[in-house]
Protein chains: 2
Amino acid sequence: MKKNTKQRILAVGAQLIHHKGFNHTGIKEILDEAHVPKGSFYFYFKNKEDLGLQVIDFFNRQFLDMAHETLSDKSIPPLKRLANRFDYFIQLFNQMDYSCGCPIGNLAQEMGDLNDAFSAKLKEAMDLIADSYKKVLLEAQNTNDISATIDIDETAAFIVSSWHGALIRMKVEKSAQPLESHKRFILNHILQT
Amino acid sequence: MKKNTKQRILAVGAQLIHHKGFNHTGIKEILDEAHVPKGSFYFYFKNKEDLGLQVIDFFNRQFLDMAHETLSDKSIPPLKRLANRFDYFIQLFNQMDYSCGCPIGNLAQEMGDLNDAFSAKLKEAMDLIADSYKKVLLEAQNTNDISATIDIDETAAFIVSSWHGALIRMKVEKSAQPLESHKRFILNHILQT
């Protein structure tokens with residue numbers, strides 16, 4: 001029961017922070033929406049920062065599950081898996097009316113200068129995202145689908161960062177175009193070197 | 001004198017919003033730092049949203065001046081100008097300890113889902129930034145420095161969006177590496193198609 005309450009606070013907190021940002025989301029708002037009495041917040045979390053850091057872990061677990069689902073099926077050629085993954089997210093954001101963007105990218109932008117604990121955890125989260133791409137790129141290199149000259153580490157990091165940028169543009173444009181464009185530049189240019 | 005007061009509010013507001021975000025910056029904080037009595041805010045601005053929208057224009061003017069300075073000297077070959085421009089910003093962010101990022105990208109991420117007036121103005125601002133790149137890419141195409149097959153519109157938009165993503169990574173990593181990497185991928189891969 002306790003675990004359920006904490007998970008509910010985390011899930012609602014994650015949703016509100018994803019939509020409105022960390023600083024713009026209040027503890028009271030989260031607890032009201034999670035139907036949890038105010039007094040019990042400090043039973044589960046040291047403070048709002050502690051909640052924020054645990055929300056990053058929450059997003060990360062969610063992300064790694066999705067990455068596993070879309071990137072690890074070895075019966076599909078690696079570059080096709082990568083394309084499928086981009087399409088999966090394009091479809092997901094279509095269902096969300098091109099709102100919110102990536103919670104990890106959002107928090108990095110919002111909190112990168114304001115809180116060192118957030119920065120460290122967000123950098124770690126971005127590295128984990130990049131790792132999921134690295135594995136697929138390495139497979140593609142082993143099958144000669146991409147050139148052996150491609151720097152896998154740098155390319156994986158660029159896929160993540162340019163994706164975060166495409167999501168920013170998506171949010172003001174409310175269309176899939178920046179995401180489709182990102183997919184084309186990565187698959188047809190960067191990986192065809 | 002009136003104009004000076006308004007400009008001071010805008011300049012201080014721009015600085016605080018650039019560092020902390022729009023929602024995390026209070027009117028009182030801006031006026032205190034600008035040494036302007038609280039009552040006079042509504043003489044210059046309808047409300048906080050109005051200030052935010054005028055801050056976007058303020059950033060935009062600043063950006064276009066910088067773009068003109070770094071991109072329009074026709075005695076320098078177009079791709080060299082583009083490289084110089086990336087270096088100019090890498091140097092600028094080095095001086096700022098890799099903080100803040102691009103105010104237009106930041107506000108797009110923060111306000112894209114929350115305020116349609118912001119979104120429209122930010123999309124316009126991003127298009128102006130892309131236009132400054134388009135001019136240089138067109139010149140490079142005319143001098144055969146880049147292929148005639150390159151889609152100038154899409155490439156210019158991608159330079160802007162992937163730059164915004166690189167800045168997000170910069171903020172948590174506190175290093176020039178994501179910006180250097182962005183420069184390499186644009187100049188050595190995307191434009192060498």
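Across the interface of chain A and chain B, 8 salt bridges are found in this predicted model. One pair that can be looked up right away joins Arg169(A) to Asp127(B), whose side chains meet with an N to O distance of 3.1 Å. For the whole structure, over all chains, the search returns 28 salt bridges. Among them is a pair within chain A, where Asp153(A) and Lys134(A) bring their closest N and O atoms to 2.8 Å from each other. This pair ties together distant parts of the chain, since Asp153(A) sits in helix H8 of chain A and Lys134(A) in helix H7 (residues 116–142) of chain A, with the two positions 19 residues apart in numbering.

The contact itself comes next. It draws on 41 residues from chain A and 41 residues from chain B. The size of an interface is often given as the accessible area lost when the parts come together. For chain A and chain B, the buried area is about 3700 Å², and carbon and sulfur atoms give 62% of this area.

How are the two chains related? A turn of 180° with a shift of 0.0 Å along the axis lays chain A on chain B, with an RMSD of 0.0 Å. This is the relation of a two-fold axis. The interface residues tell a matching story: 100% of those in chain A are also interface residues in chain B, so the copies meet through the same surface.

Attention can now turn to the enclosed spaces. The whole structure holds 3 cavities of 30 Å³ or more. The largest cavity has a volume of about 230 Å³, and 24 residues line it. Nearest its centre lie Gln109(A) and Glu110(A) from one chain, with Gly21(B), Gln109(B) and Glu110(B) from the other. Helix H1 (2–20) and helix H6 (103–111) of chain A, together with helix H1 (2–20) and helix H6 (103–111) of chain B, are the elements that give two or more residues to this lining. H6(B) provides the largest share, 5 residues. By class, the lining of the largest cavity comprises 14 polar, 6 charged and 4 nonpolar residues.

The second largest cavity has a volume of about 40 Å³. Its lining includes Cys100(A), Gly101(A), Cys102(A), Gly105(A) and Asn106(A), along with His164(A), Leu167(A), Ile168(A) and Lys171(A). Chain B takes part as well, through Gln109(B) and Ile168(B). Gln109(B) is thus a name to keep in mind from the largest cavity, where this residue is among those nearest the centre. In chain A, H6 and helix H8 (152–173) each supply at least two residues of the lining of the second largest cavity, and the largest share, 4 residues, comes from H8(A). The residues of this lining divide into 5 nonpolar, 5 polar and 1 charged.

Definitions and conventions. Residues numbered from 1 in each chain as written. Chains lettered and ligands numbered in written order. Predicted model: local features only at pLDDT ≥ 70, side-chain atom pairs only at ≥ 80, totals over all residues. Heavy atoms only, no water. Least-squares fit on C-alpha atoms with pLDDT ≥ 70 in both. Contact = heavy atoms within 4.5 Å. 1 Å grid on protein atoms, 1.4 Å probe; cavity = no way out; pocket = protein on both sides within 12 Å on 5 of 7 lines; lining within 4 Å. Points joined across faces, edges and corners; volume = space filled by probe spheres on them. Nonpolar A, V, L, I, M, F, W, Y, C, P; charged D, E, K, R; others polar. Buried area = accessible area lost by both parts, 1.4 Å probe. Salt bridge = Lys/Arg side-chain N within 4 Å of Asp/Glu carboxyl O.
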